[in-house]
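Welcome, and thanks for taking a look at this one with me. Please have the sequence and the 3D view open as you read the points that follow.

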Amino acid sequence: MSGSSSELFRRLSQLYVGLALYGVSSAALVRAGLGLEPWGVLHQGLAERTGLTIGVVSIVVGAVVLLLWIPIRQRPGLGTVSNVFVVGIAMDGTLALLPEVHSPVGRVALMAGGIVLNGVATGLYIAARFGPGPRDGLMTGLHRLTGRSIRLVRTGIEIAVVATGFLLGGSVGVGTVAYALAIGPLAQFFLRLFAVPAPAATAGPDADRGSDAEPGARPEGGAAEVPSGPVGGEEPGRAILPG
């Protein structure tokens, strides 16, 4: 297998393993019952109201958010479209296999494991450099249009998402807070661990930038902006977390 083929295989593997693990980690947080990540709160609330599974709701919400990319002129990548479907399918599949946990110790352990696994999944998926997830693309698009900081735009979106999800019956708790505090550092650590070397650029003033200009080349922090962010990143030097 040639170098370019092996790199593509590695990137595709990281993309789909990362997306699948993201769905598994979200399911673990659901079973822990101690609070979900921000978009998970909305998905769970909508699932409660509609009778759909939380994975199907995740797919529908992702598709709707992707439609919002049209007026803000965001361009989807393979990772963007894959994110919409793979995460929801993996989440429902995991929930079908993972039993309810009633012990307080077991629930805390499941919550902690879910958060760490989410960081692993985020690092795998972002480092694959196949474009931002729908929710993160919405964030970076609004950042570009409004001129507001990534942190401010992300915080505003996630406050609205959590509040809406909570009012619909989604679970907010210690897990939501723990996720917000931990996911930025975890994602940053695993991004560095799973980084795929970018192809060398041609000689010129921008040669040292590698593929940073490529959508999806960098992450953009969860609770904290990481300096090097689900996923993708429209701007070199910034970082995004999955959505």
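**Notes on helices, core and rings**

1. Let us begin with helix α9 (residues 174–194), where F190 and F194 are 4 residues apart and therefore separated by about one helical turn. Helices here are DSSP runs of H or I with at least four residues, numbered from the N terminus. An α-helix has 3.6 residues a turn, so residues three or four places apart point the same way.

2. A word on the source: this is a predicted model, in which local features need pLDDT of at least 70, side-chain atom pairs count only at pLDDT 80 or more, and totals for chains, interfaces and linings use all residues. Residues are numbered from 1 along each chain as its sequence is written, and side-chain values use heavy atoms, leaving out hydrogens and water.

3. Back to the rings: the structure holds 2 aromatic pairs (Phe, Tyr or Trp rings, the six-membered one for Trp, with centres within 6.5 Å). F189 and F190 pair edge-to-face (planes over 60 degrees apart), at 5.0 Å centre to centre and 80° between the planes. F190 and F194 are stacked (planes under 30 degrees apart), with 6.0 Å between centres and 15° between planes. Ring pairs thus link F189, F190 and F194 into a cluster.

4. Is F190 buried or exposed? F190 has a relative accessible area of 12%, so it counts as buried (under 20%, with a 1.4 Å probe and protein chains only; exposed is over 50%).

5. Now to helix α8 (residues 150–168). Its 19 residues should span 27 Å at 1.5 Å a residue (1.5 Å times one less than the number of residues), and its end C-alpha atoms are indeed 27 Å apart. Just after α8, G169 takes a positive phi of about 115°.

6. Which residues of α8 are buried? They are I150, V153, R154, I157, E158, V161, V162 and G165. Seen down the axis, they fall within an arc of 150° (taken from the directions from the axis to the C-beta atoms), so they line one face of the helix. They pack against α2 (38–50) and α7 (134–146). On the other side of α8, L152, I159, F166 and L167 are exposed.

7. W39 deserves a look too. Beyond its neighbours within four places in sequence, W39 is in contact (heavy atoms within 4.5 Å) with V61, V65, R135, I157 and V161. Of these, I157 and V161 are among the buried residues of α8.

How values were computed
Helix = DSSP H or I, 4+ residues; strand = E, 2+ residues; numbered from the N terminus.
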